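These are my notebook entries from reading through one structure, kept in the order in which I looked things up.

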Amino acid sequence: MNDSTPHTSPQKVVIYTDGACKGNPGPGGWGALLTSGDTVKELFGGEMGTTNNRMEMTAVIEALAALKRPCCVTLYLDSEYVRKGITEWIHGWKVRGWRTAAKTPVKNVDLWQRLDALITLSGHDVRWHWVKGHAGDPGNERADALA
């Protein structure tokens, strides 16, 4: 090992994400607030015929995809669907060929596969934290406003 090589620890990034939908399905939007040191970046977008869960997932995917190199990410979201899906349920889905325990196809499989690949290939170390929505958390409130 060459100790003259500079060692840089991964950049620390805090991300808040949220998704919203008027009607479910219906027109929806997603928002993400990314902060690292003094740098703040806001991302947002939307779709016409979508669901709340798809917008929640899209917010996370777009936020992680915006990072240019492997980062140490602390990610806050108010969606237990996304948090539990990526930290608990996805392992079983993959073993069962993207089917649920009830043998039905996993909903939003395109986004789950994209999120799984993004995390696997990016080198990001992601820590997932659920926060209560609409409870005054400034980061969550901003992500909600962007959505």
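Aromatic pairs. I began with the rings of this predicted model, and my count came to five aromatic pairs. One of them is Tyr16 with Tyr76, which I noted as stacked, since the centres lie 4.7 Å apart and the planes make an angle of 15°. This pair links distant parts of the chain, because Tyr16 belongs to strand β1 and Tyr76 to strand β4, 60 residues apart, and strands are taken here as DSSP runs. I then looked up how each ring is placed with respect to solvent: Tyr16 counts as buried at 15% relative accessibility, whereas Tyr76 is partly exposed, with a relative accessible area of 22%.

I turned next to Trp89 and Trp93, whose ring centres are 6.1 Å apart with planes at 55°, so I entered the pair as tilted. Both tryptophans lie in helix α2, four residues apart, which is about one turn of the helix. Trp89 is partly exposed at 35% relative accessibility, while Trp93 is buried at 7%. I also noted that these two, together with Tyr81 and Trp112, form one aromatic cluster.

The sheet. Which strands lie at the edges of the sheet? I found an open sheet of five strands with mixed pairing, in the order β3-β2-β1-β4-β5. The edge strands are β3 (39-50) and β5, each of which pairs on one side only, and the twist from one strand to the next averages 20°. Strand β4, residues 71-77, runs parallel to β5 and is joined to β5 by six bridges.

Helices on the sheet. Helix α2, residues 80-95, lies across β4 and β5 and runs at about 140° to β5. Helix α4, residues 138-146, lies across β1 (11-21), β2 (26-36) and β3, and its angle to β1 is about 50°.

Trp128. I looked up this residue in strand β5, which covers residues 125-130, and found Trp128 buried, with a relative accessible area of 16%. Leaving aside residues up to four places away in sequence, Trp128 touches Val60, Leu75, Leu77, Val82, Arg83, Ile86, Thr87 and Ile119. For one of these partners, Thr87, I also noted the C-alpha separation from Trp128, which is 8.1 Å although the two are 41 residues apart along the chain.

Asp116. I asked whether this side chain is buried or exposed. Asp116 sits in helix α3, residues 109-122, and is buried, with a relative accessible area of 16%. Its side chain makes a polar contact of 2.9 Å with that of Lys94, and, not counting residues up to four places away in sequence, Asp116 touches Ile86, Ile90 and Lys94.

Cysteines. How many disulfides does a search of the whole structure find? The search finds zero. For Cys71 the reason is distance: the closest cysteine sulfur, in Cys72, is 8.6 Å from its own, too far for a bond, where the cut-off for a disulfide is 2.5 Å. Cys72 is likewise in no disulfide, with the sulfur of Cys71 as its nearest cysteine sulfur. I recorded Cys71 as buried, with a relative accessible area of 3%, and Cys72 as partly exposed at 22%. As a last entry, I noted that Cys72 stands opposite Asp125 in β5.

How values were computed:
Residues numbered from 1 in each chain as written. Predicted model: local features only at pLDDT ≥ 70, side-chain atom pairs only at ≥ 80, totals over all residues. Heavy atoms only, no water. Buried < 20%, exposed > 50% of the residue type's maximum accessible area, 1.4 Å probe, protein only. Helix = DSSP H or I, 4+ residues; strand = E, 2+ residues; numbered from the N terminus. Contact = heavy atoms within 4.5 Å. Pairing = 2+ DSSP bridges. Axes fitted to C-alpha atoms, helices over the stretch in contact; angles between N-to-C directions. Polar contact = N/O pair within 3.5 Å; in protein donor to acceptor, adjacent residues only side chain to side chain. Phe/Tyr/Trp six-rings, centres within 6.5 Å; stacked < 30°, edge-to-face > 60°.
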